[in-house]
Amino acid sequence: MRGLAQAVTSGLLIGAVYGLIALGLNIVFGTMRVVNFAQGTLLMAGMFMTYWLWELGGVHPYISPLVTDISPLVTAPLLFGLGFAVQHLFVSPLLARERAREPMSVLLLTLGLALVLENVALLFFSADFKTVTTDVSMQTFKIAGLIVSVPRLVGLGAMVATSLVLYLFFMHTDLGRAVRATGQDREVARLMGINDFRIYGVAYGLSAAMMGIAAAVLVPFFYIHPGVGTSFLLKAFVIVVLGGLGSMPGAALGGLLVGVIEGAVALWVQAAVAQIVLFAVFVAILFVRPAGLLGVERR
Amino acid sequence: MRHGMLRIATVLGLVGLATMWNPAPVGAADEVRIGVVSPMTGPTAKFGQAQKNALTMAADDVNAAGGIRSLGGAKIKLVFGDTRGEADTGVTETERLITREKVHALIGAFQSGVGFPSSAMAERHQVPWLTFGTFDKITERGFKYVFRAHANDTIKARTLIEGLVALGKRASPPIGSAVILAENTEWGKSVSDKQRGFLEKAGVKVHFVENYPYAAPDLTSLIVKAKGVKPDLVVADSYLGDALLITRQMHEQELRPVAYAAGGGGHVQPDFLKNMAKLSDGILAATMWDAAVGKAVPWIAKENERHVAKFGAPFTEDSAGYYQAFQIIVDALERAKTTSAKELRDAIAATSITDVNHKAMFLPYKALRFDDTGQNPFATAMVVQIQGGKFRLLYPESIAEPDARVVWPYLATTR
């Protein structure tokens with residue numbers, strides 16, 4: 001029983017990190033109707049930035065997304081800039097030519113971008129694995145006999161805080177409302193005077209910036225490698241579909257749920273079986289409730 | 001007029017290109033060409049570079065000493081084929097080396113997954129292929145031209161378990177039970193299966209073998225499950241990323257077995273030592289070559305020192321294997337007195353070396369011969385232990401470091 005409680009706890013904690021990545025994926029999907037295959041690559045970029053800031057500047061991963069003493073080098077704004085630029089240089093021109101509401105060519109473009117960036121990373125950073133050992137890296141504490149990993153708990157905290165900030169942003173700011181409006185109906189939003197391409201840039205930038213936060217959370221306990229984004233991206237896809245395409249609370253909850261399913265099944269049966277169960281749930285949800293658990297049915 | 005000039009220039013250019021494209025390797029009689037199939041670019045490029053270094057040094061030595069004597073001092077030329085670490089590229093490069101570069105023998109291909117299909121290409125063209133790669137089946141296809149001097153997965157698994165048992169006998173507490181955590185690709189599955197067999201044969205109870213998904217973001221549940229059965233021994237067969245994760249999560253979940261062993265892979269890579277610092281102390285692992293072997297066999301130490309002086313780094317497990325393969329070909333060429341494929345193949349098959357000072361014994365065994373499948377039945381692996389961020393060679397005793405002592409249990413110095 002204690003074993004199960006432990007597996008569920010750990011699942012919940014890693015699930016929070018999945019949720020954080022899924023949130024980023026969902027922001028882009030919610031506004032542009034594009035599944036961003038480059039999400040994992042942006043996470044990888046964030047992790048390398050965090051790594052180099054720590055390695056060369058001694059900046060603690062936890063503060064690197066928001067403040068550092070090397071002022072322009074702060075990962076979240078940098079990634080926002082990168083995301084915004086990618087959107088403007090590559091995605092927008094293609095999107096402008098696409099008439100379909102769910103543009104297939106943009107999806108392929110993001111896949112291409114992911115491959116290019118990953119190989120660039122391989123070229124510059126080599127295939128070496130890197131880890132960062134900070135003061136919190138392998139810290140744990142016990143509650144009722146359960147071992148809780150400090151850096152993973154920080155991940156849960158970061159996910160909750162980020163979700164809250166995002167909620168406030170989407171509900172209570174003009175820009176946030178504009179992003180939602182564009183997601184609901186691009187043409188009407190434009191008629192209302194919203195510059196839809198600028199909004200796309202903001203959405204893509206925002207989702208990239210979130211990868212800076214996810215990277216900060218991951219770096220102290222995970223490894224850094226050009227291919228690191230792939231394992232997380234696949235999970236994030238499942239979560240986004242599970243929680244509901246475009247639904248922010250769905251992504252957060254879906255992340256936790258996937259973490260728990262994975263942990264429990266891996267303990268009861270096998271880690272490899274957990275993957276089967278996970279993808280079976282994914283397929284089942286698509287059949288039974290295509291909009292996902294918290295998604296709104298679109299007509 | 002200007003167009004006419006342009007046209008002529010174009011034609012001349014094309015002719016030039018065509019001649020460059022087709023260098024027509026006229027087989028100079030005084031030259032032996034050895035093809036090297038390795039990952040020279042791509043994610044595993046640094047391994048290919050190490051292999052190239054080792055071979056370049058070996059070939060320069062032979063050429064400086066007057067080439068192949070029985071062939072009238074024929075010089076050796078290495079021709080490299082870049083696999084990029086991909087199976088299909090490996091196969092095309094092998095074919096290119098054979099049909100265009102007209103190589104007389106081949107060495108390859110580092111990754112078993114690349115070597116497996118590439119060696120089949122060599123067999124088809126009947127060009128001798130010296131394998132580096134541990135996948136058992138490479139030499140189990142009834143081929144005539146494919147050879148492997150070093151350990152395969154079965155031998156590596158056997159050495160690890162025999163070494164563990166032998167080292168554990170002289171230490172306490174003993175090992176009575178084990179779990180095996182192996183990644184779920186071909187390598188992890190086949191190695192863990194063999195380890196289970198050898199453990200059970202040695203009277204160790206194996207609670208479970210679990211093949212976890214490669215590159216998983218989290219393996220806590222796996223560790224919790226292992227902790228539940230309180231094993232004396234944890235065996236991990238992992239690539240580098242998973243090796244890092246498992247080692248860290250074992251620490252977090254307070255899983256501290258008496259012994260922590262690894263089938264090779266990520267646990268023996270320099271990056272693992274660099275990243276894991278204290279947590280790596282006491283890990284036992286199977287490898288096919290370590291520089292520490294030079295302590296028992298002096299000429300190997302000298303050879304390694306020359307390599308360090310030349311390239312700034314010691315031989316690696318795989319570059320040592322390539323070096324050995326090269327020396328086997330040289331030895332066979334001297335005996336064959338020809339570069340004809342059939343005779344060279346027969347000479348390789350007839351290899352029989354027992355002198356530890358022979359250069360082909362860079363990976364030292366009791367003997368170097370090939371059985372009917374092309375495998376050297378006398379090949380063994382070694383067991384090393386990480387102590388203070390360095391590998392110490394502990395097993396087999398014949399080549400162990402004289403002053404090395406086993407650290408027992410795992411993390412003995414820090415718990």
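**Exercise 1. Find where B:Pro396 sits in this predicted model, then describe the peptide bond that leads into B:Pro396.**

Solution. Start with the place: B:Pro396 lies in the segment that follows β14 (390–395) of chain B. Next, look at the bond from B:Tyr395 to B:Pro396, which is cis, with omega near 0 degrees.

**Exercise 2. Do the same for B:Pro173: which loop holds B:Pro173, and what is the geometry of the bond from B:Ser172?**

Solution. The loop runs between α5 (153–169) and β6 (177–183) of chain B. The peptide bond joining B:Ser172 to B:Pro173 is cis, and its omega is near 0 degrees.

**Exercise 3. Is B:Lys102 buried, partly exposed or exposed?**

Solution. First locate B:Lys102, in the loop between α3 (87–99) and β3 (105–109) of chain B. Its backbone has a positive phi of about 50 degrees, although B:Lys102 is not a glycine. Now count: B:Lys102 has 16 C-beta neighbours inside 10 Å, so it is partly exposed.

**Exercise 4. Repeat the count for B:Ala277.**

Solution. B:Ala277 belongs to the loop between α9 (270–276) and β10 (284–287) of chain B. B:Ala277 is not a glycine either, yet has a positive phi of about 40 degrees. The count gives 11 C-beta neighbours inside 10 Å; exposed residues have 12 or fewer, so B:Ala277 is exposed.

**Exercise 5. How many residues does each chain bring to the contact, and which element of chain A gives the most?**

Solution. Chain A brings 27 residues and chain B brings 30 residues. On the side of chain A that touches chain B, α1(A) gives the most, with five residues. Sorted by class, that side has 13 nonpolar, 12 polar and two charged residues.

How values were computed. Residues numbered from 1 in each chain as written. Chains lettered and ligands numbered in written order. Predicted model: local features only at pLDDT ≥ 70, side-chain atom pairs only at ≥ 80, totals over all residues. Contact = placed C-beta atoms within 7 Å. Helix = DSSP H or I, 4+ residues; strand = E, 2+ residues; numbered from the N terminus. Nonpolar A, V, L, I, M, F, W, Y, C, P; charged D, E, K, R; others polar. Buried ≥ 20, exposed ≤ 12 C-beta atoms within 10 Å, placed from the backbone.
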